[in-house]
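Here are a few friendly notes to read alongside the model. Take them one at a time, and keep the picture open as you go.

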Amino acid sequence: MWWPDQRSVGNRIGRWAATLAVAACAGGCFQPLYADRSVDGGQSLRGALGAVDVKQIDAPKGTDEARLAVEIRNALLFDLTGGGPAPRPAYSLTIRMSSTVADIIVDTTTTRPAIEDYGINASYVLTEIASSKQVVSGQTFARVSYDIPGQEQRFARLRGLRDAESRAAKVIADNIRARLASYFAAGT
C-alpha cells in the first residue's frame, strides 16, 4: 500500500504557502489602469486622460486625409473620455499626419496591383496648458494591407481602401492613447 511521505506533503504545503504569500505582497503593487481613484489618492488615470484636449488635425479640406483626421480625433476623444463629458482641459494634444499607399503584389500580365499597403504616419505632442511645456512627444505609424479582388471591380477596390484607412486610423488612435496612458500612469 502506498502512503504519501510526510516530508513531501509538508514541502508542497510550504511551497503553496510561500507562493500565496508572494502573490499577496505583490498584489498591493498593482492598480487598475482605468480605475476611478488612484491608490495613493492622486488623480486617476481616467481623469488625467479625460483632461486632454485633442486639437483639430490639419489636413486639406475635402480629401481622404481630412476624413481620416476627423476619424483619428473622434477615436481619441472617445478613448480618452469614454464618451462622457470632458473635464476642464489641463493638457493639449497636437497631431500631424500623412498617408502613403504602396503596391505590394503586382499582377505581371496586367501590371495592376493585386495587394496594396495603406499607411499612416503620425507625430504628436502633448503640452501642459498651465506651463506651455511639452511633456510628451512621439511618432507612431500604422500599415494595413488590402486586396484588390479584380480588374473590373473598382468599387471593391475603393471599399477595401476605405476599410484599410479606417483600420489604420484606429491603430494610430490606440497607439497614441496607450502612450499617453503610459505617461500618466508613471505618475507625472
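1. In which sense do strand 2 and strand 3 pair, and over how many bridges? This is a predicted model, and in it the two strands pair in the antiparallel sense, with 15 bridges between them. To find them, look for residues 113-128, which make up strand 3, and residues 91-106, which make up strand 2.

2. Now pick out some partners along this pairing. S99 of strand 2 stands opposite I120 in strand 3. T100 has G119 in strand 3 as its bridge partner.

3. Next, follow the chain from strand 2 into strand 3. Together they form a hairpin, with 6 residues between the two strands. Within that turn, T111 has a positive phi of about 55°.

4. Let's move on to strand 4, which spans residues 133-147. Strand 3 pairs with strand 4 in the antiparallel sense, over 14 bridges. Here I120 turns up again: A142 in strand 4 stands opposite it. I120 therefore makes a handy landmark, facing S99 in one pairing and A142 in another.5. Strand 3 and strand 4 also form a hairpin, this one with 4 residues between them. In its turn, the residue to look for is S132, with a positive phi of about 55°.

6. What about strand 1? This strand covers residues 52-54 and runs parallel to strand 2, joined to strand 2 by 3 bridges. Two partners to locate are S92, opposite D53, and L93, the bridge partner of V54.

7. Now put the strands together. The 4 strands form an open sheet in the order 1-2-3-4, and the pairing is mixed. Strand 1 and strand 4 are the edge strands, each pairing on one side only. On average, neighbouring strands of the sheet are turned by 25° against each other, direction ignored.

8. Which strands does helix 3 touch? Helix 3, residues 64-81, packs on the sheet and touches strand 1, strand 2 and strand 3. The direction of helix 3 makes about 125° with that of strand 2.

9. Last comes helix 4, residues 154-185, which also packs on the sheet. Helix 4 touches strand 1, strand 2, strand 3 and strand 4. The angle between the direction of helix 4 and that of strand 4 is about 150°.

Technical notes: Residues are numbered from 1 along each chain as its sequence is written. This is a predicted model: local features need pLDDT of at least 70, side-chain atom pairs count only at pLDDT 80 or more; totals for chains, interfaces and linings use all residues. Side-chain values use heavy atoms; hydrogens and water are left out. Two strands pair if DSSP finds at least two bridges between them. Axes are lines fitted to C-alpha atoms, for helices over the stretch in contact, and angles run from 0 to 180 degrees between N-to-C directions. Contact means heavy atoms within 4.5 Å.
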